[in-house]
Amino acid sequence: MFSPADQQHMAEALRLAEKGLFTAPPNPRVGCVIVRDGQAVGAGWHERPGQPHAEIMALHAAGTRARGATAYVSLEPCSHHGRTPPCADALIEAGIARVVAAMQDPYPAVDGSGFARLRAAGIQVESGLMQDEARALNIGFVARMSRGRPWVRMKIAASLDGRTALANGKSQWITGPEARRDGHAWRARACAVLTGVGTVREDDPQLNVREVETTRQPLKVVVDSRLQLPLSAKLLASGRVLIAAAVDDKAGIAALQDKGAEVVVLPNARGKVELTELMRELARRELNEVHVEAGFKLNGSLLVCGLVDELLLYLAPNILGDGACAMFSLPELTDLAQRRLVQFDDVKTIGSDLRILARVVN
């Protein structure tokens, strides 16, 4: 169905889409290449919300050469008026003859209607080329659109025997500087960085992106059931902060608001933060990817609730022993059938450490 040339041009569209890795959210990362007579005559990508979409950038570059050409786009062209006009209409008006898309847009206002509009105008439309790569690039957007929750990626730095801190709480630094820099790159692509109040009280992290260049800092989210976050915490000094609480403590909430933080109260029956509802709240705020850097208690709670999609593990070449803190606080298993399964997607060395990217299966 698709030729080697089609694959080459779509690979370029995906490479362009990746340029919006840190800046495009909450919109999807999209790239577009316009090809006429075997030659690329226009290319573009979506950089940030409110700015032209990838197709518009590519059409501007192509000019009149777009007539009769093929547009390779990593996501179905939009068909609705959002922050910008419909890209499907722009492709039609430019005289594009064929559109090849990597995947259909799961956004309810589009979801096939862009393809339908193009076909109604007589444009040949084909979809599915390099679909897996396109979905991976926009895994958070797809998750938010299809299930109403962000994609949750949990980052853990641990010793080879799976320990994240000493019994006295000290954890800086188990892994090397290269792994820490790589972790900041994953922070930068996320829409939010989530932690628990225990980690804040123990480590006082800034929870921002510092080791890589970025023009967008993720939202800082702190799970703090009883509003115990110190007002002197470094993460309150700059950037957007959202506190998820389980108590409607007017004085405590006001004090945090005075520091510039926002507080949402989402209690469950046990007096803790209802984590599933928190994820729905983050989705309502148009957050695609949530990067978790928390302690073993919150890590375990998120895993038990079925809210962890992916593990980003950095294993250091050292051993801390049984007395040190584990990755997760989980109920004891009585049968191996109860174990939680993961699927290794990528394993590589980062400096002296081992990085494992794994999907949670069950």
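Here are four short exercises on salt bridges and strand pairing in this predicted model, each with a worked solution.

**Exercise 1. Which residue forms a salt bridge with Arg29, and where do the two partners lie?**

Let's start with the atoms. The closest N and O atoms of Arg29 and Glu289 are 2.9 Å apart. The cut-off for a salt bridge is 4 Å, and this pair counts as one.

Next, place the partners. Arg29 sits in the loop between helix H1 (4–17) and strand S1 (31–36), while Glu289 belongs to strand S12 (residues 289–292). The two are 260 residues apart, and their contact links distant parts of the chain.

Now check their surroundings: Arg29 and Glu289 are both buried.

Finally, look at the wider set. Through salt bridges with shared partners, Arg29 and Glu289 belong to one network that also includes Arg153, Arg189, Glu310, Asp345 and Arg359. The total for the model is 23 salt bridges.

**Exercise 2. Take the salt bridge between Glu293 and Lys155 and work out which parts of the chain the pair ties together.**

Begin with the distance: 3.8 Å separates the closest N and O atoms of Glu293 and Lys155.

Then find each residue on the chain. Glu293 is in the loop between S12 and helix H11 (296–304), and Lys155 is in strand S6 (residues 151–159), so the salt bridge connects parts 138 residues apart in sequence.

Last, decide whether they are buried or exposed. Buried means under 20% relative accessible area. Glu293 has 15% and therefore counts as buried. Lys155 has 18%, so this residue is buried too.

**Exercise 3. Find how many residues separate Arg284 and Glu281, and say what that spacing means in a helix.**

First, the contact: Arg284 and Glu281 form a salt bridge, with 3.0 Å between the closest N and O atoms.

Second, the spacing. Both belong to helix H10 (residues 275–284) and are 3 residues apart, which means about one helical turn lies between them.

Third, the accessibility: Glu281 has a relative accessible area of 15%, so Glu281 is buried.

**Exercise 4. Describe the side chains of strand S3 and the strands that pair with S3.**

Start with the side chains. Thr70 and Tyr72 point one way from S3 (residues 70–73), Ala71 and Val73 point the other way, and all are buried.

Move on to S1. This strand runs antiparallel to S3, joined by 4 bridges, and Cys32 stands opposite Val73.

Finish with strand S4 (residues 98–101). S4 pairs with S3 in the parallel sense, again over 4 bridges. Ala71 has Val99 as its bridge partner in S4.

How values were computed:
Residues are numbered from 1 along each chain as its sequence is written. This is a predicted model: local features need pLDDT of at least 70, side-chain atom pairs count only at pLDDT 80 or more; totals for chains, interfaces and linings use all residues. Side-chain values use heavy atoms; hydrogens and water are left out. A salt bridge is a side-chain nitrogen of Lys or Arg within 4 Å of a carboxyl oxygen of Asp or Glu. Buried means under 20% relative accessible area, exposed over 50%, partly exposed in between (1.4 Å probe, protein chains only). Two strands pair if DSSP finds at least two bridges between them.
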